[in-house]
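This briefing introduces one protein to a reader who is new to structural description. Please keep the sequence and the model in view while reading.

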Amino acid sequence: MPETTRALLTGQAIAWQRILNHPFVQRTSDGSLPRASFDRWLTEDYFFGRSFRSFLEALAAVAPDEQAREVLAGGLAALVPELELFENEAAERGLDLAVEPSLLNLGYSSYLLTTVAEGWPVGITVLYAVEKAYYDAWASVRDSTGPNTPYAGFIANWSSPDFSAYVDQLGTLVDQEELTDAMSRGFERVVRFELAFWDLVHG
């Protein structure tokens, strides 16, 4: 693993293990997560996904070169079917996706946008942290999730080879930057937000 991403992940090794072992992830995998908890995650994460699109668009506007812009364009394109997945599932469950998000969700979404003003190195680090956390968490339970588990489709979505390749591309962009305190701080904040977000929806 190249130097910058290695240092970021090593610095958060204990917290990263908490992400992988979080009961929300584990119970989603084994199918024991209560329907109400999954429904809450669905509505909260849909709001986050729409806000995340704005973050990606803003970050693409400050990308340093065409290679970086192409990687982010791929992320934006992938959000289209992802949001449709949420919309279809919500329709089947009779959920209102226009519900007011939690203050934690608003804070997390707003924080992502503020990192763009800190510059490309911080913004791309924060983006990598979000996507890497999601991929590693769901990939850790992918092989132990049965195909008939209620939430198997969502786990497959964020542990797919395509998503893995995208996360690797983001890591390559981060590794082009020399690590700074601001990058480390941004990475740590995402880890804290992710854990708090899953604590919230797990209840």
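**Overall form**

A compact globule of 203 residues would have a radius of gyration near 17 Å, and the protein agrees with this, because its own value is 16 Å. The model is a predicted one. The points below move from the whole chain to two threonines, Thr28 and Thr4.

**Fold and dimensions**

- The protein contains 10 helices and 0 strands.
- Its pattern along the sequence therefore consists of helices alone, written α-α-α-α-α-α-α-α-α-α, since helices and strands are the elements assigned from DSSP runs.
- Along the principal axes, the C-alpha atoms occupy a box of roughly 45 × 30 × 30 Å.
- Among contacts with a separation of 6 or more, 84% join residues that are 24 or more positions apart.

**Surface, burial and charge**

- Of the 203 residues, 51% are buried.
- The accessible surface amounts to about 9,300 Å², and carbon and sulfur atoms contribute 52% of that surface.
- The protein carries 14 positive and 29 negative charges, and the mean positions of these two groups lie 6 Å apart.

**Threonine 28**

- Threonine 28 belongs to helix 3, which covers residues 23-30.
- Threonine 28 counts as buried because its relative accessible area is 2%, and the cut-off for a buried residue is under 20%.
- The side chain of threonine 28 comes to 2.6 Å from the backbone oxygen of phenylalanine 24.
- When residues up to four places away in sequence are not counted, threonine 28 touches Pro23, Leu33, Trp138, Thr149, Tyr151 and Ile155.
- Leucine 85 is 57 residues from threonine 28 in sequence, and their C-alpha atoms are 17 Å apart in space.

**Threonine 4**

- Threonine 4 is part of helix 1, which covers residues 3-11.
- Is threonine 4 buried or exposed? Threonine 4 is buried, because its relative accessible area is 7% and the limit for burial is under 20%.
- A polar atom in the side chain of threonine 4 lies 2.8 Å from the backbone oxygen of glutamate 177.
- Glutamate 177 is also one of the residues in contact with threonine 4 once neighbours within four places in sequence are left aside; the others are Val174, Asp175, Leu179 and Met183.

Terms used. Residues are numbered from 1 along each chain as its sequence is written. This is a predicted model: local features need pLDDT of at least 70, side-chain atom pairs count only at pLDDT 80 or more; totals for chains, interfaces and linings use all residues. Side-chain values use heavy atoms; hydrogens and water are left out. Helices (H or I, at least four residues) and strands (E, at least two) are DSSP runs, numbered from the N terminus. The radius of gyration is taken over C-alpha atoms; the globule rule is 2.2 Å times the number of residues to the power 0.38. Buried means under 20% relative accessible area, exposed over 50%, partly exposed in between (1.4 Å probe, protein chains only). Contact means heavy atoms within 4.5 Å. Accessible areas come from the Shrake-Rupley method with a 1.4 Å probe; for residues, only the protein chains shown count as cover. Lys and Arg count as positive and Asp and Glu as negative; His and the chain ends are not counted. The place of a charge is taken as NZ of Lys, CZ of Arg, CG of Asp or CD of Glu. A polar contact is a pair of N or O atoms within 3.5 Å; within protein, one must be able to donate a hydrogen and the other to accept it, and residues adjacent in sequence count only if both atoms are side-chain atoms.
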